Amino acid sequence: MPESAAEYRDEARCAACGGRCCIIYYPARCVVTPMEKSWWYGEYSDFFHSYRDRYGVEPLYPPADANAPGTPETVRQALRDLGIDPDACEYKGPAGCIIAWENRPDQCRSYRCHEWEWAETNG
Ligand code: SF4
Ligand code: SF4
């Protein structure tokens with residue numbers, strides 16, 4: 001990340017939250033058409049995670065498989081039973097992101113949700 005880019009780090013806050021901002025696949029279930037869905041998840045996953053080789057951990061599940069049209073709900077429920085949200089980033093476990101802070105994508109380290117911003121602004 002360039003030194004000039006903002007970085008927001010409050011691991012206690014985000015661990016307590018559990019990573020609501022990491023539900024990165026759910027919006028597509030509302031707006032992407034069924035035909036597009038067959039490839040969208042894999043494409044978006046690779047776009048979002050352009051530097052997986054730096055993460056130091058393996059993804060918890062394959063988002064394209066868990067979200068493909070016709071995926072049995074039992075497959076998605078089996079992930080939930082493990083504490084994995086099939087609508088969330090494949091690196092979000094029950095306690096939030098499994099990637100060490102220093103190895104996370106730039107867009108994740110530079111993100112601060114509105115609630116966090118509001119809390120810092122208003123005390
Ligand atoms: S940035 Fe906000 S929504 Fe995302 S994990 Fe942290 S507290 Fe939760
Ligand atoms: S890489 Fe980590 S912080 Fe970024 S969306 Fe995925 S789980 Fe969340």
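Around ligand 2, the shell divides into eight nonpolar residues, one polar and two charged. In this predicted model, the residues surrounding ligand 2 are Gly19, Cys22, Ile24, Cys89, Tyr91, Lys92, Cys97, Ile99, Arg104, Pro105 and Cys108. Several of these names come back in the nonpolar core: Cys22, Cys89, Tyr91, Cys97 and Ile99 are among the nine residues of the largest one, and they are also listed around ligand 2. The rest of that core is made up of Tyr25, Tyr41, Ala64 and Ala88. Ala64 can be followed a little further, since beyond its sequence neighbours (up to four places away) Ala64 touches Tyr41, Gly42 and Ser45.

Turning to ligand 1, the surroundings consist of Arg13, Cys14, Cys17, Gly19, Arg20, Cys21, Tyr111, Arg112, Cys113, Glu115 and Trp116. By class, that makes six nonpolar residues, one polar and four charged. Gly19 turns up here and in the shell of ligand 2 as well. Two helices, H1 (11-17) and H7 (114-122), each put at least two residues into the shell around ligand 1. Of the contributors, H1 gives the most, with three residues. H7, for its part, is hardly covered, with zero buried residues among its nine. Just past the end of H7, Gly123 takes a positive phi of about 75 degrees.

Ahead of H7 sits Ser110, in the loop that runs from helix H6 (106-109) to H7. Is Ser110 buried, exposed or partly exposed? Ser110 has 15 other C-beta atoms within 10 Å, so it is partly exposed. Ser110 also pairs up with a distant stretch of the chain: Glu7 is 103 residues away in sequence, yet the two C-alpha atoms are 4.3 Å apart.

As for the fold as a whole, the protein chain has seven helices and two strands. Read from the N terminus, the order of elements is α-α-α-α-α-β-β-α-α. Of the 123 residues, 15% count as buried. Among contacts with a separation of 6 or more, 72% link residues 24 or more positions apart.

Confidence varies along the chain. The mean pLDDT is 87, and 86% of the residues reach 70 or more. Helix H6 does best, at a mean of 96, while helix H2 (residues 26-31) is lowest, at 66. Where pLDDT is low, the predicted coordinates should not be read in detail.

The middle of the chain offers a few more spots to look at. Leu60 lies in the loop between helix H3 (34-48) and H4. With 19 C-beta neighbours inside 10 Å, and a cut-off of 20 or more for buried, Leu60 counts as partly exposed. Leaving aside residues up to four places away in sequence, Leu60 touches Ile84, Glu90, Tyr91 and Gly93. Tyr91 thus appears in this contact list as well as in the shell of ligand 2 and the largest nonpolar core. Between Leu60 and Leu82, 22 residues apart along the chain, the C-alpha separation is 10.0 Å.

A little further on, Ala66 belongs to helix H4 (residues 63-67). Ala66 is partly exposed too, because it has 19 C-beta neighbours inside 10 Å. The contacts of Ala66, again not counting residues up to four places away in sequence, are with Tyr61, Thr71, Val75, Arg76, Leu79 and Pro86. From Ala66 to Gln77, eleven residues along the chain, the C-alpha atoms are 9.9 Å apart.

Helix H5 (residues 73-81) lies largely in the open, because zero of its nine residues are buried. After H5 comes Gly83, with a positive phi near 85 degrees.

Finally, Glu102 is found in the loop between strand E2 (96-97) and H6. Only 10 C-beta neighbours fall inside 10 Å of Glu102, so this residue counts as exposed. The C-alpha atoms of Glu102 and Tyr55 are separated by 8.8 Å, although their positions lie 47 residues apart along the chain as a sequence separation.

Note on methods:
Residues are numbered from 1 along each chain as its sequence is written. Chains are lettered from A and ligands numbered from 1 in the order in which they are written. This is a predicted model: local features need pLDDT of at least 70, side-chain atom pairs count only at pLDDT 80 or more; totals for chains, interfaces and linings use all residues. A residue is near a molecule or strand if its C-beta atom, placed from the backbone, lies within 6 Å of it. Helices (H or I, at least four residues) and strands (E, at least two) are DSSP runs, numbered from the N terminus. Ala, Val, Leu, Ile, Met, Phe, Trp, Tyr, Cys and Pro count as nonpolar, Asp, Glu, Lys and Arg as charged, and the others, Gly among them, as polar. A residue is buried if 20 or more other C-beta atoms lie within 10 Å of its own, exposed if 12 or fewer, and partly exposed in between; C-beta atoms are placed from the backbone. Two residues are in contact if their C-beta atoms, placed from the backbone, lie within 7 Å. A nonpolar core is a set of buried Ala, Val, Leu, Ile, Met, Phe, Trp, Tyr and Cys residues joined through C-beta atoms within 7 Å. pLDDT is the predictor's confidence in each residue, from 0 to 100.
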